[in-house]
Structure formats: structure tokens, C-alpha cells
Amino acid sequence: MTQRETYIQNSKTTCEHVYHMDPNSVPVLHVLLTEEELNQRMHHYERALSIIQTFMTKLLSFLTDIPTVIVTTDDQGVVLDSYGDERLKQMTASLGIQNGVKFDEETAGTNAITLALKHNKPFHLIGEDHYHYCFSEVACYSAPYRYRNGEVIGTISIMTPKEHASPLHLGLLSSSIDTIEREIRVHEQNEQLHLYNQMLMSTTPIGIVISDQAGHIREFNQSAAHLTGMNKLNMIGSHISEVSVLKPFFDHVLTKEKGIENIEITFSKLDERKCLLDILPLYDHNQRLSGAFAQFRDMTSYYQLQEQVIQSEKLSAIGKLGAGLAHEIRNPLTSIIGFTQLLDVDKKQTHYIDIIRTELERMKNLVNQFVMMGKQTSSERKAGQLYPLIFETVELMKSNAHLHNVEINFHAEEEQITVWMDASQIKQVLINFIKNAIEAMPQGGEITVSLSKKDQHAIIAIKDNGKGMSEKEVKQLGTPFFSTKNSGLGIGLSICFDIMKAHDGKIVIDSDKGSGTIANLFLPLHKEES
């Protein structure tokens, strides 16, 4: 007895002695799925069923003289699809074979579908191989079909009248299943590749545009939309001429069939975006031009950083030169100022000497600022109270403020605010900002200095009602040699920013043209305060 015959005999014995089936009866197949469940199962198998039907319909075209029905089940033996000879389909329908019914041994008796699933290999039953006599005039050939990993998806069966039974049917079925499995694997791979492609296209910061040979856009990823300022959905299907910056380069590649690399382009629809562009020609499997692939990388930040480095190097060179020159000028300048004080002149000349001495002192102050800028900002910090330091500085500046018809007021939310600071340097910062506030109000006005704390920081706010600054001017504050004053060099504020940075603090300027300015100085609270 062959292995196949043994499996059939064991199945028939089970049907007789375990399930107590009557071979003369007609089996009643169970419909185990609701309509909704069947629709869900059909949707899950939609791709596989489509592929199977394509290949098995082609097989049926070679069996036109033989009544044949194809039945496809899932991995549980539930019928999902059946097609073929109408008369044979009517006969199988009379036996209860329809979509949604389940083939199992307990209800269908000995059948090829159950045996193929149970033993995981092709199986065929001809006539009396079936347990029930109602199937004695039918030949059934079933074989499992699998995923790429070997997991069984379901079965495909060929049903035909017994007189047309032939070993060729099992061979044809096995051959068809090999082709079907390969096609299913190809679709799986394509789906995975499509998924990976979509992930790469949607997550990459690189703009990607793909066109066909005529220049119609076939792919336009989200980064391309962001960089060009165009709507992704509107661009798919449109012509590359819609992106005027890219058009000449696409035209070149599509006509010359030669790629271009590292071309600098600028998108200015939303803001100035400088990009490096690469475009390559695309070819089909016959090596004929099929389109072009473009990628462009946003280099705006790189170019900005490059400009900042160049600017920094320039400023460093100027700073070193200025500091060295200022150091050499300061010594003879001090001597000249000293000798002007020793000059014995009359009253008329005294006026001129006072002017000379004032201008020399101003020059000396500017030279000292140059020297300070050339030195590394260092501080000797210790815990100190801000309130008395600010009060003392405000009192010191009041006399200068009165001369300019400016009133200074100081108030604090609380007096016990401790920070880790170099008191002399913080005082220098306060003097500089109060002095700037006074000079911002040439017609007079009011300055309010306040002290508060928030989010582990002490905040010193210096507010004036002067002429204010534009947003562009505010952004440039602290840059060496930038000043909003006609006679200023922009060195003082640069030093102030360095001092605050050395104190782990920051300066935030809030200003509007014509509405005054608020300079907010943030200093971290001493740990005992926080």
C-alpha cells in the first residue's frame, strides 16, 4: 500500500468510526463565516485570488473539451472562489459547495482539500477514493500554495468528471502553482519595494522630482514641495515647465541624454533657498530614454554658515589689528592728555584746550574699548545681590540722565535676588544699556529699570520710550562694528553680549521703530535661590 493509499484509508476509517458517517448520505458542508467575515477574508486574499484566477483561467482555456471547475480555499479550507464549467458548477452547488463553506473531514468526509492541507502536499482523489458515494463520479486534484517563507496560504483544486481523470491534471496543477507562487512573491517584493520607496521619498530631506520622456512629472516628493513652495498634488501630472528653475536642466538631460551634477540653483517662491542639483537620465529595459530623475539638496544653512565663518575670520583679523593698533596708540595718547593739563595758556586758549582734552579723552575711551574687545572675556564670579548693584548703578547714572532731560526710575519685585556674578562686569553691562537708552531719547524721556525673577532666572529690564529699532537692527545688535548711533562703533554692546554669555546669561531685545526699546538681561539664579 502506497503512502497516499494509507492516508486515504486512515481518513475513511476516521469518518466511519469517529464521525460515524453514512457513505450513502450527502454531506452537509458548514458555512462558518458570516457575509461580513467572508468579505473581510476575500479582501485579505484579494491579490492572491486575482493572480490565481489569471493563471487558472489560462489553464482552463487549454481544457475546453474537459468539464473542469477550479476551487480556491484559504488555509482553513474555506472556499473563497470557484469558476469553470457551468454544468459541473451546478452539480457541485447542489452538493453545497459555494463560497464560505469549509471543507473538513468531519463534515465533507475524505476529500482532497483537507488531505492536501493536512499533509502539506498535492493530493488527488478519484471516484471511490472519496468516502461519500455522491462524489464517486468526480475526480479532485488539490495542492497547497505558499508564501515566500513557506507558510501555506490555502489550496487550489481542479474538479472534473471521473472519466476525464488523468495524472496530467496533477502535473498541470503543480506547474501552475509554481508559477502562481512566483508571481505572489514578486507582488510581495514589489509591495515591499513600493513601501520602502514611499518611506524614503517621504522622509528624505532631499527634494526628488521624476519626469517621463516628455517632461511630465511622475513623482514629486514632500521635500521638493517644501523647497519649491509648490503643492505636491498639483505637481503630479503637470509639466516640468511649471518649475521654471528646473526646466532648462530637465530639457538638457532629456535632449542630450547626459546627466548634470552639482549645479547651484535658487528657489525664491517662499524664501531664498539655495540648493545643489543633480539630474540623471532614466532608461527602460531596452535602454531607451524613459525620463529623468532630479534630486536637490538644501544648502542654505551651509552657505550661511560659510558666510558666518568668513565674517568671523574678517572680524577676528580686524579685532586683532585694531587691538594691537589701539594698544600702541594708547600710550602716546595718555602722554598727550597729560601734557595738555600742564600747558599754561590764557582764558581764550583754555577753551580750545578743553575741547582738545575732551576729544582726546573720547579717543582714549574708544581705544580702551578696542583693547577690551581684543581680550578674552573672563570673570571672577561669586554670589551677590542684584538689588544693591542695580540701585547703585542707577543712582550713578542719574546725574548724566538729568543733563539729557531724562528721568530714571528703578523698582524691584523683591530685593533678595542672588546670582553668581562678577559685579563689576554686570555693572559695566548696566551702564552701557542705560547710557544707550539715554542716547536713544535726545529730546528727553523716561527710563524704567526693573528687577524680577522667573523660571530660575533673574531678569533686569531696561525700558526707554525712545526712537526704537527695526527688526533687522535688533538682529544685528551685538555684532562688532554695528551701531544704530551715528558716532558709535558697536564695540560696547559686543562686549556686553560677551560678558552675559560668560555668565551663562543672555540678552533679549524687544523693540519697535518709534515705540521705544526694552533690553531684558537674563542671569541664572544662584542655586540657593532656585
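Me: Why are β11 and β12 called paired strands?

Reply: In this predicted model, β11 and β12 are joined by nine bridges and run antiparallel. Pairing requires at least two bridges, so the pair qualifies. One position in the pairing sets Leu 276 opposite Arg 297 in β12. Five residues lie between the strands of this hairpin, and Gln 287 has a positive phi near 60 degrees.

Me: What makes β10 and β11 a pair as well?

Reply: Six bridges link β10 and β11 in the antiparallel sense. With at least two required, the count therefore satisfies the definition. Ile 260 faces Ile 279 of β11 in this pairing.

Me: Which residues of helix α10 are called buried, and what makes them so?

Reply: Phe 250, Val 253 and Leu 254 of α10 (residues 247–256) are buried. The term applies because each has a relative accessible area under 20%. The three span an arc of only 95 degrees around the axis, which means that they lie on the same side of α10. Residues three or four places apart in an α-helix point the same way, because there are 3.6 residues a turn.

Me: What do the buried residues of α10 pack against, and what makes that a contact?

Reply: They pack against β8 (207–212), β10 (260–267), β11 (273–283) and β12 (289–298). The contact criterion is heavy atoms within 4.5 Å.

Me: Which residues on the other side of α10 are called exposed?

Reply: Thr 255 and Lys 256 are exposed. The word stands for a relative accessible area over 50%. After α10 comes Glu 257, with a positive phi near 55 degrees.

Me: Why is strand β19 described as largely enclosed?

Reply: Six of the eight residues in β19 (residues 517–524) are buried, so the rest of the structure largely encloses the strand. For the chain, buried residues make up 40% of 530 residues.

Me: Which strands pair with β19, and how do you know?

Reply: Strand β17 (residues 457–464) shares eight antiparallel bridges with β19, and strand β18 (residues 506–511) shares six, also antiparallel. The threshold is at least two bridges, so each count is sufficient. Ile 518 of β19 has Lys 463 opposite, and Asp 510 also stands opposite Ile 518. Ile 459 has Phe 522 of β19 as its bridge partner. In the hairpin of β18 and β19, with five residues between the strands, Gly 514 has a positive phi near 85 degrees.

Me: What is the strand order of the open sheet with mixed pairing, and why do β14 and β18 count as its edges?

Reply: Its five strands are ordered β14-β16-β17-β19-β18. β14 (406–412) and β18 each have a single partner strand, so one side of each has no neighbour in the sheet. On average, neighbouring strands are turned by 15 degrees against each other, direction ignored. Helix α13 packs on this sheet and touches β14, β16 (445–454), β17 and β19, with its direction at about 170 degrees to that of β14.

Me: How do you know where helices α13 and α14 stand relative to each other, and which hand does the crossing have?

Reply: The axes of α13 (residues 386–403) and α14 (residues 423–439) come within 10 Å and cross at roughly 35 degrees. The crossing is right-handed. Residues making the contact include Leu 389, Val 394 and Met 397 of α13 and Ile 426, Leu 430 and Ile 434 of α14. Sorted by class, the contact has twelve nonpolar, two polar and three charged residues.

Me: What makes β3 and β5 the edge strands of the sheet ordered β3-β2-β7-β6-β5?

Reply: This open sheet has five strands with antiparallel pairing. β3 (79–84) and β5 (123–126) each pair on one side only. The twist from one strand to the next averages 15 degrees. Strand β2 (residues 69–74) is joined to β3 by five bridges and runs antiparallel to it. Since at least two are needed, β2 and β3 therefore count as a pair. Thr 72 has Asp 81 of β3 opposite.

Me: How many helices and strands does the chain have, and what share of contacts joins residues at least 24 apart?

Reply: There are 16 helices and 19 strands. Among contacts between residues at least 6 apart in sequence, 61% join residues at least 24 apart.

Technical notes. Residues are numbered from 1 along each chain as its sequence is written. This is a predicted model: local features need pLDDT of at least 70, side-chain atom pairs count only at pLDDT 80 or more; totals for chains, interfaces and linings use all residues. Side-chain values use heavy atoms; hydrogens and water are left out. Buried means under 20% relative accessible area, exposed over 50%, partly exposed in between (1.4 Å probe, protein chains only). Helices (H or I, at least four residues) and strands (E, at least two) are DSSP runs, numbered from the N terminus. Axes are lines fitted to C-alpha atoms, for helices over the stretch in contact, and angles run from 0 to 180 degrees between N-to-C directions. The arc is that of the directions from the helix axis to the C-beta atoms. A crossing is left-handed if the near helix is turned anticlockwise from the far one by less than a right angle, and right-handed if clockwise. Ala, Val, Leu, Ile, Met, Phe, Trp, Tyr, Cys and Pro count as nonpolar, Asp, Glu, Lys and Arg as charged, and the others, Gly among them, as polar.
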